Every structure is written in C-alpha cells, then in structure tokens.
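Reader: Could you walk me through this model, from its burial to its cores and surface?

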Amino acid sequence: MLKTFLKPGWVLMLLFVVAFSYLAFSVLAPWQLGKDDDIVERNENITHAYEADPQPIDQVVDDDGAISGDEWSRTTLKGHYLPEDEVLLRLRPAGSGPSYQSLVPFRTDAGLTMLINRGWVSAEEGNAVPDIPPAPSEEVTITGMVRSNEAEHKTAPITQEGYQQVYSIHTEQVGSLIGADLGQDYIQLSEDQPGVLNAMPIPQLDRGNHLSYGYQWIAFGIMAPLGLGYFIWSEIRERRRLREEETAMQTLDADVESLPSAPMSSSTTNRELDTDAAAEPEPRDPAGSADSAQQRAQDSRSTSDTHSAALRNRSRYGDSKPDHYAKLKKRRRERY
C-alpha cells in the first residue's frame with residue numbers, strides 16, 4: 001500500500017496541497033485581511049476628518065512636510081501658488097475615463113512649500129492634454145486633505161505639449177523637476193477652493209469584500225488537505241475491495257481445478273458414451289432437480305456479481321490487474 005502512495009502522481013499532489021495551503025495561510029489570506037484593515041482605517045480617518053474642524057498646516061505636518069497625525073486630516077494653508085511650476089499627473093483614471101491632474105506647489109506664509117493636487121481634467125481625443133486653467137498667483141487661503149506621498153513610478157517623467165508630466169505623485173521627483181524643496185507629503189484640494197479644477201472624489205466609505213475573501217482563502221487552505229485525505233481514504237478502500245475480490249477469484253479457481261474430469265480420447269468413445277447415455281436414461285428426481293437448478297442459478301448470479309465487480313476494477317486500474325475470469329473460461333474450454 002505504501003508503494004502506491006510513493007508514485008509520482010501522489011507525491012506531486014501532496015506537494016501541491018502543502019504549497020497551496022502554505023500560501024493560503026501565509027500570503028493570500030493575510031493579503032486580503034490586510035487590505036480590509038487598511039480600508040477600515042482609511043474610513044475611520046475620513047469620518048473623523050469631516051467631524052473635526054480643519055487644522056492649520058503646522059499642526060498637521062512636521063517641519064519636513066510629513067504627516068504628523070492621520071492621513072486624510074483636513075488642513076488650511078495661507079500663502080500663494082507657484083503656477084509657473086505646474087506639473088501634470090499623466091493619464092490617471094478619474095471621472096469617466098483617463099484624465100490629467102494638476103500638481104502645483106503652494107508656498108505658505110511660514111515658508112513651507114507643499115505640493116497641491118488641484119484636481120483633474122478629462123483627456124481630449126487621442127489622450128491629448130486639455131486646456132487647463134492656471135492656478136491664481138495672488139495670496140489665498142485654501143483647505144484640503146493631507147495625503148501620503150506615493151511611491152516613485154518606474155516610468156521616467158516626460159515633457160509633452162508644453163508640460164512636464166509624471167506617472168505618480170512622488171514629491172521628491174516633482175521637486176527635482178521644478179527645482180523646489182517640497183514637503184514630503186502633499187495636499188488634496190477640496191471643492192470650492194481657490195484654484196480647484198474638478199476636485200478629486202473622496203473614496204466611498206465601503207468596506208468591500210476583502211474580509212470575506214480572506215476567510216475564503218483560509219477555508220481553501222483547510223479544505224485542500226481534507227480533500228487529499230478523502231482521496232487517500234478512497235484509494236485505500238478500493239485497494240482493499242480489489243484484494244478481497246482477487247482472493248475470492250483465487251478460491252473459485254482452485255475449486256474448479258479440483259473437480260474430477262473424464263478425458264475422452266476419441267470420437268468413438270464419445271459416440272459410445274452418447275449411445276449408453278441414450279439407452280440408459282438417468283432417473284429423474286423432481287425435487288432434487290429443482291434444488292439443483294436453484295443452486296446453479298444462485299451460483300451463476302454470485303459469479304456474475306463478482307465478475308462485474310472485477311470488470312469495474314479493471315476499468316479503474318487497467319491491464320495491471322489480472323482477469324481471473326478469462327483464465328477460468330479458458331481452462332473450462334480446454335477441459336471440456
């Protein structure tokens with residue numbers, strides 16, 4: 001039995017189940033559950049930000065312009081835009097299709113320069129840059145949400161249609177393009193503020209399906225070993241049933257071989273035996289004949305059932321299992 005489960009097919013199945021369960025518990029489930037935790041934290045921060053009044057910028061970020069509290073906190077800045085240093089975030093989906101987002105530095109009265117995302121404008125036909133109104137240059141007070149800096153995109157910035165264009169809001173990269181020392185994080189401008197275009201939408205406070213996905217991966221990681229165990233149990237059960245049928249066939253074969261046989265060497269002998277049998281009819285016993293016929297029918301049904309079971313096993317295991325019935329029939333034909 002052990003040799004059966006050491007075959008390549010079973011070994012590969014075992015390795016696959018172990019690898020799948022390991023990935024389900026250590027990678028896939030934590031990935032989905034972690035995304036759910038991030039969404040829950042984001043929703044809580046957004047809800048808290050709208051429940052609280054906007055805070056001055058120096059209470060939301062540190063001296064380097066990095067977030068000192070929670071992301072999505074609302075803040076106010078007093079100062080002026082630097083519209084000549086505008087950079088576009090290239091072809092990021094917003095609204096109903098690809099768009100360009102306007103990134104403009106804003107210098108506060110305290111001397112801190114923060115990058116402002118003024119919002120989006122839909123791309124024109126062929127992904128051309130649309131007409132983007134410039135930011136005001138006079139002193140203004142604006143309100144927005146502080147956002148964490150994005151990772152630097154692997155695609156290098158380009159200059160096209162009169163604008164420097166980037167693929168991510170990475171303040172260090174934007175600062176190197178315009179030659180300005182920007183704060184580490186940036187501000188997403190709210191609606192109805194000076195210089196806003198189409199304000200970036202606030203994410204839906206929807207938890208999504210990540211929690212259920214995480215539980216599903218845990219369930220899959222449990223079901224895979226259980227499924228393998230079921231297949232092993234089924235294989236063991238079928239092998240035991242096959243051994244029982246082979247034992248029964250060997251017993252039946254031995255009984256047939258032990259039956260006496262009367263060899264007949266010539267056709268003359270056959271004719272003589274036939275003549276004697278015709279001349280001297282055997283006495284008939286109605287009761288014994290009925291019992292004998294019933295016994296033969298019962299033996300025939302038993303043999304047929306065993307033969308059917310053997311055929312099912314041959315269809316499962318192929319020619320690797322001997323067909324004892326074929327050998328038995330051959331011996332009967334040779335004997336009679």
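Reader: What share of the 336 residues of the chain counts as buried?

Author: Happy to start there. This is a predicted model, where local features need pLDDT of at least 70, side-chain atom pairs count only at pLDDT 80 or more, and totals for chains, interfaces and linings use all residues. Residues are numbered from 1 along each chain as its sequence is written, and side-chain values use heavy atoms, leaving out hydrogens and water. Buried means under 20% relative accessible area, exposed over 50% and partly exposed in between, with a 1.4 Å probe and protein chains only. By that cut-off, the buried share is 34%.

Reader: Which strand gives the largest share of the largest nonpolar core?

Author: A nonpolar core joins buried Ala, Val, Leu, Ile, Met, Phe, Trp, Tyr and Cys residues through side-chain atoms within 4.5 Å. The largest one has 16 residues, with Leu-77, Phe-106 and Ile-142 among those having the most contacts inside it. Strands (DSSP E runs of at least two residues; helices are H or I runs of at least four, both numbered from the N terminus) S2, S4, S5, S6 and S9 each supply at least two residues of this core. The largest share, three residues, comes from S6.

Reader: Is Phe-231 buried, partly exposed or exposed?

Author: Good one to check on screen! Phe-231 lies in helix H3, and joins Met-13, Tyr-230 and Trp-233 in making a nonpolar surface patch. Its relative accessible area is 45%, so Phe-231 is partly exposed.

Notes: Patches are made of residues with over 30% relative accessible area and no salt bridge: like charges are joined within 9 Å, nonpolar side chains (Val, Leu, Ile, Met, Phe, Trp, Tyr) within 5 Å. Accessible areas come from the Shrake-Rupley method with a 1.4 Å probe; for residues, only the protein chains shown count as cover. A salt bridge is a side-chain nitrogen of Lys or Arg within 4 Å of a carboxyl oxygen of Asp or Glu.
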